[in-house]
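Trainee: I'm new to this structure and would like a close look at one part of it. Could you pick a spot and walk me through what surrounds it?

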Amino acid sequence: MALFSSKPSAPTASDLRRERRALLILRDERFRELGGLTLEMYRRDHFNETLIIERCAELVAIEARASEIEALLQGARGLRRQGSAICACGAPLLMGARFCPSCGRSLIEESAQAEASG
């Protein structure tokens, strides 16, 4: 038996909610820090544009991940109502999605292959 042969398990809904909650707390902290940083730069009359851009990019990345988690959770809720639509990687798929939100796999190619073989 190979040591790395099994795929990692997909995160549970509670794990995703916990991660989203932690990200939202982190986002709020980063917003406050950005405001304080900007105020201090104003007081010293010395703006570091690169630092502001880096901090804003970090905030955008945090919000993007939180949105991704929200989409996964919404998809999982929809799956309970609609039946099970799960990607090969284990992530829940949204209705009408063309790509997996987790691994990026094209769902259009897979559905075309399934129709051709079936």
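Mentor: Sure, let's begin with Arg 20, a residue of helix α1. Keep in mind as we go that this is a predicted model. Helix α1 covers residues 13-44 and has the highest confidence in the chain, with a mean pLDDT of 94.

So is Arg 20 buried or exposed? Its relative accessible area is 19%, and the cut-off for buried is under 20%, so Arg 20 counts as buried. Now look at what it touches. Setting aside neighbours within four places in sequence, Arg 20 is in contact with Ala 66, Ile 69, Glu 70 and Leu 73. With Glu 70 there is also a polar contact between the side chains, at 2.3 Å.

Step along to Glu 19, and you'll find a salt bridge to Arg 65, with 3.0 Å between the closest N and O atoms. Glu 19 sits in helix α1 and Arg 65 in helix α2 (residues 49-82), so this pair ties together parts that are 46 residues apart in sequence. As a general point, side chains of opposite charge can pair when their charged atoms come close. Both partners are partly exposed: Glu 19 has a relative accessibility of 31%, and Arg 65 has 25%.

Further along helix α1, have a look at Arg 30. Which residue of helix α2 does Arg 30 pair with? That's Glu 58, and the pair ties together parts that are 28 residues apart in sequence. Their salt bridge has its closest N and O atoms 3.0 Å apart. Glu 58 is partly exposed, at 29% relative accessibility, and Arg 30 is partly exposed too, at 23%.

Arg 30 also meets Glu 33 in a salt bridge, this one at 3.6 Å from N to O. Here both residues belong to helix α1, and they are 3 residues apart, about one turn of the helix. Glu 33 has a relative accessible area of 39%, so it counts as partly exposed.

Back at the Glu 19 pair, there's one more residue to add. Salt bridges with shared partners join Glu 19, Arg 65 and Glu 68 into one network. If you search the whole structure, you get 10 salt bridges.

For a contrast with Arg 20, follow helix α1 to Tyr 42. Tyr 42 has 60% relative accessibility, and the cut-off for exposed is over 50%, so Tyr 42 counts as exposed. Together with Leu 39 and Phe 47, Tyr 42 forms a nonpolar patch on the surface, and the three have about 350 Å² of accessible area together.

One last thing before you explore on your own: how far to trust the picture. The chain averages a pLDDT of 80, and 74% of its residues score at least 70. Over residues 79-83 the pLDDT is below 50, and beyond near neighbours in sequence that stretch has 6 contacts in the model. Among the elements, confidence is lowest in helix α3 (residues 107-117), where the mean is 63. Where pLDDT is low, the predicted coordinates shouldn't be read in detail.

Terms used:
Residues are numbered from 1 along each chain as its sequence is written. Side-chain values use heavy atoms; hydrogens and water are left out. pLDDT is the predictor's confidence in each residue, from 0 to 100. Helices (H or I, at least four residues) and strands (E, at least two) are DSSP runs, numbered from the N terminus. Contact means heavy atoms within 4.5 Å. Buried means under 20% relative accessible area, exposed over 50%, partly exposed in between (1.4 Å probe, protein chains only). A polar contact is a pair of N or O atoms within 3.5 Å; within protein, one must be able to donate a hydrogen and the other to accept it, and residues adjacent in sequence count only if both atoms are side-chain atoms. Patches are made of residues with over 30% relative accessible area and no salt bridge: like charges are joined within 9 Å, nonpolar side chains (Val, Leu, Ile, Met, Phe, Trp, Tyr) within 5 Å. Accessible areas come from the Shrake-Rupley method with a 1.4 Å probe; for residues, only the protein chains shown count as cover. A salt bridge is a side-chain nitrogen of Lys or Arg within 4 Å of a carboxyl oxygen of Asp or Glu.
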